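Subject: Structure handover

Hi there,

Here is the structure I promised to pass on. Have a look at it first, and then read on for what turned up.

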Amino acid sequence: MTMQPEDQPTSESKSNQTRILGGKSVSTAIRQELAVEVASLVESGGRRPKLVAVLVGDDTASATYVASKARGCQEVGMDGETLRLPADIDGGELEATIRRLNDDDGVDGILVQLPLPKHIDEDRILQLIDPDKDVDGFHPVNVGRLWSGRDALAPATPTGVIELLQRRDIEIRGRHAVIVGRSNIVGKPMAALLLQNHATVTICHSRTADLAAECSRADILIAAVGVPALLGPEHVKDGAVVIDVGMNRVDDTATLERLYPGNEKRRNGFEKRGFSLVGDVDYTRVKTKASAITPVPGGVGLLTVTMVIANTLRASKLRQHRA
Ligand code: NDP
């Protein structure tokens, strides 16, 4: 199987048999489609969709992430705004802000960047968001809609995984998908979406008795754990498709060298930033066994923001009765 040039985000991704499922080309294609859809919505008299991202406090990583969502919206022709609020904001005041955004007809998507400061009840805030504007898909109403097969705004990361599989012509129907991780953000919605796409689904977690036995039955193995390189070749069936959602920082050179032996690009990046981003899959050892694998970075992570933007357009079209 040959690789497309944009799917070679890291030097370790070169392999003759294994398809490297980079997220960049898929993300770019989706954004181009979104831009066309937004233009045609506006041309036909519709309102320009708008996302408001609420950022409480000044955590640099959160600020960067939120900014990329707002900027991504603007790039496809939508309005994207970041509402910055002080870290010591009173819970009641934040609730009032969400209510105001709910009532604002010009706002189609609301997302509250997590984590929130400790003094604020996160669940209470997330449940306050109008489900029809809940572009993160975390509201219980959207969870219920998703699991009952109704039109739902589904969480961005698992939606991105489905897009990646479909757009890279990987059959889901009838195949056995094993997900490691059962969080509300990734594992559980991933299971719902795979079921909707007619996979047979197994969900594993920290109490799963024999993780290697479960995983090695997977045609499609999805890792969403948060433990660097937890899944090795013993977890992977020959020819399986391996999707690595994990994003973990490795900040010691010994671990990096064990996971990416002799990889100069990794080492240089590490020296520059003081850490290296690795997945939940032992990429170096697993890639020779898998038929296809996503790299970290450069894989699933590139799709998450794109799918938040896609959800904003979807929410807007549904609200404007143009879906
Ligand atoms: P959580 O911590 O919420 O969930 C982790 C899950 O993994 C839990 O269900 C836990 O089991 C399970 N788990 C932990 N250790 C083991 C183990 N040793 N064996 C089997 N299962 C285990 O994480 P998230 O779902 O939020 O995120 C998972 C990973 O995905 C992280 O690395 C995160 O950074 C990344 N991520 C990436 C995104 C992207 O855009 N690419 C977006 C979101 C997350 P239990 O329930 O029993 O505790």
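How do the residues lining the second largest pocket divide into nonpolar, polar and charged? Please keep in mind that this is a predicted model. The lining of that pocket has 10 nonpolar, 5 polar and 8 charged residues.

**The second largest pocket**

The space in this pocket comes to about 510 Å³. Its lining is made of 23 residues, and those nearest the centre are Thr 159, Glu 163, Met 307, Asn 311 and Arg 314. If you want to find the pocket by secondary structure, look for α1 (24–43), α6, α7 (187–196) and α12, each of which supplies at least two lining residues. Helix α12 has the largest share, with 6 residues.

**Domains and cores**

The domain assignment gives domain 1 (45–130) and domain 2 (157–304). Measuring between C-alpha centres would be the natural next step, and in this model the centres of the two domains lie 29 Å apart.

The largest nonpolar core has 52 residues, and Leu 165, Leu 194, Ile 222 and Ile 243 are the ones that touch the most other members. Helix α12 turns up again here: spanning residues 301–319, this helix gives 8 residues to the core, the most of any contributor. Domain 1 and domain 2 both give residues to this core, so the core lies between them.Leu 165 is a good residue to zoom in on. Setting aside residues up to four places away in sequence, Leu 165 touches Ile 170, Ile 172, Leu 194, Ile 220, Val 241 and Ile 243. There is also a second, separate core of 25 residues, with Leu 231, Val 250, Leu 256 and Leu 259 among them.

**The cavity**

How many cavities of 30 Å³ or more does the structure hold? There is 1, and the volume of the largest cavity is about 30 Å³. The residues that line this cavity are Ala 229, Leu 259, Tyr 260, Val 278, Gly 279, Val 281, Asp 282 and Tyr 283. By class, that makes 6 nonpolar, 1 polar and 1 charged residues. Leu 259 thus appears both in the cavity lining and in the second core.

**Backbone details**

Two cis peptide bonds may interest you. One joins Leu 114 and Pro 115, with omega at about 0°. Pro 115 sits in the loop between β4 (109–112) and α4 (122–128). The other joins Val 296 and Pro 297, again with omega at about 0°, and Pro 297 is in the loop between β11 (292–293) and α12.

There are also positive phi angles in residues other than glycine. Asp 169 has a phi of about 55° and is placed in the loop between α6 (156–167) and β5 (176–180). Is Asp 169 buried or exposed? Its relative accessibility is 72%, so Asp 169 counts as exposed. His 321 has a positive phi near 55° and is found in the segment after α12. With a relative accessibility of 73%, His 321 counts as exposed too.

**Two loop residues**

Arg 175 belongs to the loop between α6 and β5. Its relative accessible area is 23%, so Arg 175 is partly exposed. Beyond its neighbours within four places in sequence, Arg 175 is in contact with Ile 170, His 198, Ala 199, Thr 200, Asp 219, Ile 220 and Val 241. Ile 170, Ile 220 and Val 241 are also touched by Leu 165. As for Ile 125, its C-alpha atom is separated from that of Arg 175 by 38 Å, with the two positions 50 residues apart along the chain.

Phe 138 lies in the loop between α4 and α5 (140–147). At 22% relative accessibility, Phe 138 counts as partly exposed. Which residues does Phe 138 touch, not counting those up to four places away in sequence? They are Leu 114, Leu 126, Val 143, Pro 155 and Ile 185. Leu 114 is also a partner in the cis peptide bond with Pro 115. Phe 138 and Ala 154 are 16 residues apart in sequence, and their C-alpha atoms are 7.7 Å apart in space.

Happy to talk any of this through once you have had a look.

Best wishes

Terms used. Residues are numbered from 1 along each chain as its sequence is written. This is a predicted model: local features need pLDDT of at least 70, side-chain atom pairs count only at pLDDT 80 or more; totals for chains, interfaces and linings use all residues. Side-chain values use heavy atoms; hydrogens and water are left out. A nonpolar core is a set of buried Ala, Val, Leu, Ile, Met, Phe, Trp, Tyr and Cys residues joined through side-chain atoms within 4.5 Å. Buried means under 20% relative accessible area, exposed over 50%, partly exposed in between (1.4 Å probe, protein chains only). Helices (H or I, at least four residues) and strands (E, at least two) are DSSP runs, numbered from the N terminus. Domain bounds come from an automatic or database domain assignment. Contact means heavy atoms within 4.5 Å. On a 1 Å grid over the protein atoms alone, a cavity is a set of points where a 1.4 Å probe fits but cannot get out, and a pocket is an open set with protein on both sides within 12 Å along at least five of seven lines; lining residues have an atom within 4 Å of a point. Grid points are joined across faces, edges and corners, and a volume is the space filled by probe spheres set on the points. Ala, Val, Leu, Ile, Met, Phe, Trp, Tyr, Cys and Pro count as nonpolar, Asp, Glu, Lys and Arg as charged, and the others, Gly among them, as polar.
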